[in-house]
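Got the viewer open? Here is a short tour of one chain, stop by stop, with what to select at each.

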Amino acid sequence: MSQIFHRSTNTIARVSMFGAVFFIAGLLGLLAQINRSPWVTTARAAKEQPIQFSHERHVAGNGIDCRYCHSSVEDSAFAGIPPTKTCMNCHSQIFANSPFLEPVRASFRSGTSIEWTRVHDLPDFVYFNHSIHVRKGVGCTTCHGQVDRMPLMWQEQSLQMEWCLDCHRNPEQYVRPRGAVFRVDYEPPANQLELGRRLVAEYQIQKLTSCSTCHR
Amino acid sequence: MTGSHTTTTKGTRGARPFWRTLDEQADDPKFVERLYSEFPSEIEAITDPVARRTFLKLMGASLALAGVTACTRQPAEKIVPYVRQPEELIPGKPLFYATAMPLGGVATGLLVESHEGRPTKIEGNPLHPGSLGATDVFAQAAILGLYDPDRSRTLTDLGEIRPWSAFLGAIRAALTAQQPLKGAGLRLLTESVHSPTLAAQIRELLSHYPSAKWHQWDPASPENARAGARLAFGEYVDAQYRFDQADVILSLDADFLGGGPGGLRYARDFASRRRPEQADRMNRLYAIESMPTPTGSRADHRLPLKPSEVESVAWAIADAVTPGPKGPGLQNPAHAKWSEAVAKDLQAHRGRSLVIAGDGQPATVHALAHAMNAALGNAGKTVVYTQPVETEPVHQLDSVRDLVADMNAGKVDLLVIVGGNPVYTAPVDLEFGEAMNNVQLRVHLSLYDDETSERCQWQIPEAHFLESWSDARAYDGTVSIIQPLIAPLYGGKSAHELLAAMSDRPERSAYDIVREFWSAQDGAQNEFEASWRRWLHDGVIANSAYAPKTVTLQSPVAGRLSSVDSRQSPASSPQSPAPSPQPPATIEISFRNDPCVLDGRFANNGWLQELPKPITRLTWDNAIIVSPATAAKLRAEGTPAFEGGEHGQILSLVFEVKYRGRSVRGALFPVVGHPDDCVTVHLGYGCSRAGHVGTGAGFNANAIRTSDALTFGAGAKLIATNDRATLACTQYHHLMEGRGMVRAVTRDEYVRDPKSIHEGDETPPKIITLYPEVKYEGYKWGMAIDVNACIGCNACVVGCQAENNIPVIGKEQVLRGREMHWLRVDTYYRGPAENPETYFQPVPCMQCENAPCEVVCPVGATVHSSEGLNDMVYNRCVGTRYCSNNCPYKVRRFNFLLYQDWDTPSLKLARNPDVTVRSRGVMEKCTYCVQRINAAKIESEKEDRSVRDGEIKTACQQACPAEAIVFGNLNDPNSRVAKLQSEVRNYSLLGELNTRPRTTYLGAVRNVNPELGA
């Protein structure tokens, strides 16, 4: 056989067999990373909306509380997108003639809803409930990011199941006092884990990881 | 598989085994062999247009494409908020509104769940006396009826679409022509009217046109009960029964548990007296009936008789318990012992007994029941009389006959038909449809463009009761305001608006009409707004039930009765008792409303069509129902023919039923417990214009139903044809081979030793498991189902279907055993096929703690939750079906095809947004309504408390009129379910498999009269 193959062939064969394991593992790892990347999750990509609504202006600039517009966040699964009437509460007085706000006024005049593009879109087989998360001390910015620094809204987190489970398994990493849930300037303290453990006990936070918690 | 099984499928517990089907009872080895054949050859041969080769080609292509489709992104979703949000509405949270469903006119109070303005689920109203929180199958299925895309959508004149204003012009012109005639040519045909507002409108119309006539015809209302009360008391009165007060009950062919006015209330009251833990309070039910019904199945003693023979036995019992002249004596002396024992038992419980007659029986039998109740001192105690709940009770057959006579005589110029489908439902000999041609202008208000609409110039789409304002009285007279949940989907009009169109103020809305009427009724004007809001909120007008009325029996009863014109009972006159030893050459025929589609008004409702009917377990068809002995006599070989595995199907011989010169053809179907030489046919099938779902299903029994034999008659002939028809009967599906599915003892046995219910039970093996013991902290969900209380009404099945977005699959798929119901009601028999004991057993997922399904799933799509639920994760399921194979209870359902209708827009509105809509290739099953569990848990945690007992009701539990299903937390020793599971009667289904099911059953206890024996 030595006439056909050079002696180095043995080494090459061994190395490539050994290397193939790493190559395949690396390929799978790459795929996993691609699947987590914003290219797939669309995280941190601002979405086009019918009106150039800026959370930065309304939250950081005007200091409006989240619940003024997202009024059902404490009661319902759905945080609520404000009806046109909520916009007009202010904008019938402020910037009442701004051309940017014409779609809002048109909606109010005609009674036709504004069609917003959903930014945080969970798969249809996932049932997420805002009210219980807010009640258990999960802050708005923990999932939605620094909304007060978003001129156009984007999705901050991957919204993938591993991201949900990260908190559902170890809630003490993220929970904050109830009073601080709606604060956008909240910074987790240095002793977050210590505070977190205390809050988990105080708020009776369970580590719910059964499938039917979210899927049904 | 075949060789390894040597046992039979029959339950082997005790001396008297349970069985499900005739083949099983006969213990035919061929049946057993077929049962175990995994791939029954006959199945392929049904009608499979896709041959195996084509199938493989397609599968190859779709597998290749499947990878590509996985790469698509989710389409961007829109959020569409309100412009001005309604005040009480919180987006994402359902609201509940009280309303009522009229059926045969009678209201059942409902609470309807509304998600952002679309009704999705119907529950009973706990404040309503006719519901007490429960519902029947019709109320549950009304949601699908509302969104039915086949409903009449446009107002038409001779098939052309016209606006409402055009109709207003046309009717105005016709009425103006009637003005000088005082309405002599005007006829109004309605169903039974229980709406005070509608009655007032009709009376106002009649006051304007004094010569006009109002006719009524409603196949769902109790005609014979009306006539019977009149016969007994000389006036129309309504009887209400107090089953909670009755110790001994005699039913004369009355299916009081199976529906009808007050049926839900009666079932609740009846079941409350069936708890053997309070053995001294257990009632005893004697039932005489022809077609086996839920009531007869719950009876402690059931006597199957031809409908015509009931009267004779009723007379015999009446003779014993009432004073005065005697009746004609028993036709068949064989029933003497039975009737004597019943009479004795009734007399031993004076004032605490109850006799009730069914609507299939003639007025005489009803009058006899009234006479017996009076003689037994039950009047005012177990039976209460009130003024009729109907606003204008009439003899409806006479009413419609008069109308036909007038039409034929050319006396009718304008016929306005408000609801109903008389061309299809009226007795065939009246030839209602033909007579209509003599009327100049014909107007029909109806939900569907049906057989009657076809013969009318104007067809007006009717508003569904969930779309319009109205009012109606319950069985006891309690008024409910019917409030709409949604604006009319297809611009439908209500009866109120049609009547308004015929008045001076044609443009009034139904809301204005109903409100105006009640505002006039309510004395305190300034407080009316408050009262109105209270009525709408509660769903009932408080204290509006009719007060009990003292009635006096016309005397002498017996003498009067025997002189009655026996038009109502043509089959046999009591004066000629001639018990014939030979079987008669002809057969008696009995007509019944179908238990699922009634008189055909629900024919286009897929949920009801696919719902296995109580007892027969037929879907999608009616049949010519006879006893097994009669079927054998008719030499109907091979009926039913069992066709293997779980996929049973009935290949039945088609017979021609000849009756009074008319005939129909239908498939023969033997039913155990049915009397011999007698045939029962169900109405409501064979509609020609029902819609996509109902048209063509079954045969039209109305075609041989004449006015002199509305409920039964003698002289029918059955002639065999060479055709065969396939019936989809689910009694053969999901057979759980094994032991002790149902456990039943008599009350005496139970009192002597409560443990006797488990006699012959196999000792469960010592718990050997490789898995570590799991402790369930927190909640531990469980369910207890009382087999003794279950009346087999199926309300739970439709309730589950509505709550959990369960698709309808069609007859062809049911024939393959693929029905998707997460909850099924199994029927078990014990004893001889002529008259067996019958037991119903609802079987949802058992939520086993050691679930056999979980260990075989290769992808972890079914796993256990921390609260002991056996979770099903649809998005993980790849459709191996291993779990289903390994489930001993056969409760898993697989989407073999894309059963869910994803296209029809109106059906999308009907879905529960809290439950995933499953696609094809996915396994699914009962989840204990996990969406309700989660919702209640979230609400409780927001209030820093734990879930209260009774806060979570599963959909099946909520629908159940008999309170047979109880769900709750087993870790709470005070919860109802924990208490029930600690009863002696409690047992686990197939507990010997060590699956440790969370759903357990309470055994049945029959209160047998020792004189008659078990």
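Start by colouring domain 3 and domain 4 of chain B: their centres, taken over C-alpha atoms, are 32 Å apart. Keep in mind that this is a predicted model. For the selections, use 581–732 for domain 3 and 736–1006 for domain 4.

Now show where the two meet: 20 residues of domain 3 of chain B are in contact with 20 residues of domain 4 of chain B. On the domain 3 side, pick out helix 22 (606–610) and strand 27 (712–729) of chain B, the elements that give two or more residues to it. Helix 22 of chain B gives the most, with 3 residues. Colour that domain 3 side by residue class and you get 8 nonpolar, 9 polar and 3 charged.

Next, hop over to domain 1 of chain B, which is assigned as 156–221 + 396–538. Select helix 19, residues 510–521 of chain B. Its 12 residues should span 16 Å at 1.5 Å a residue, and the end C-alpha atoms are 17 Å apart, which agrees.

Which residues of helix 19 of chain B are buried? Show B:Ala510, B:Ile513 and B:Val514 as sticks. They cover an arc of only 90° around the axis, so they sit on the same side of helix 19 of chain B. That fits the general pattern: with 3.6 residues a turn in an α-helix, residues three or four places apart point the same way. To see what covers them, add helix 7 (196–208), strand 19 (470–473), strand 20 (479–482) and helix 18 (495–501) of chain B, which are among the covering elements.

Finally, zoom out to the whole of chain B, with its 32 helices and 39 strands. Of its 1014 residues, 55% count as buried.

Terms used:
Residues numbered from 1 in each chain as written. Chains lettered and ligands numbered in written order. Predicted model: local features only at pLDDT ≥ 70, side-chain atom pairs only at ≥ 80, totals over all residues. Helix = DSSP H or I, 4+ residues; strand = E, 2+ residues; numbered from the N terminus. Expected span 1.5 Å × (residues − 1). Buried ≥ 20, exposed ≤ 12 C-beta atoms within 10 Å, placed from the backbone. Arc of directions from axis to C-beta. Contact = placed C-beta atoms within 7 Å. Domains from an automatic or database assignment. Nonpolar A, V, L, I, M, F, W, Y, C, P; charged D, E, K, R; others polar.
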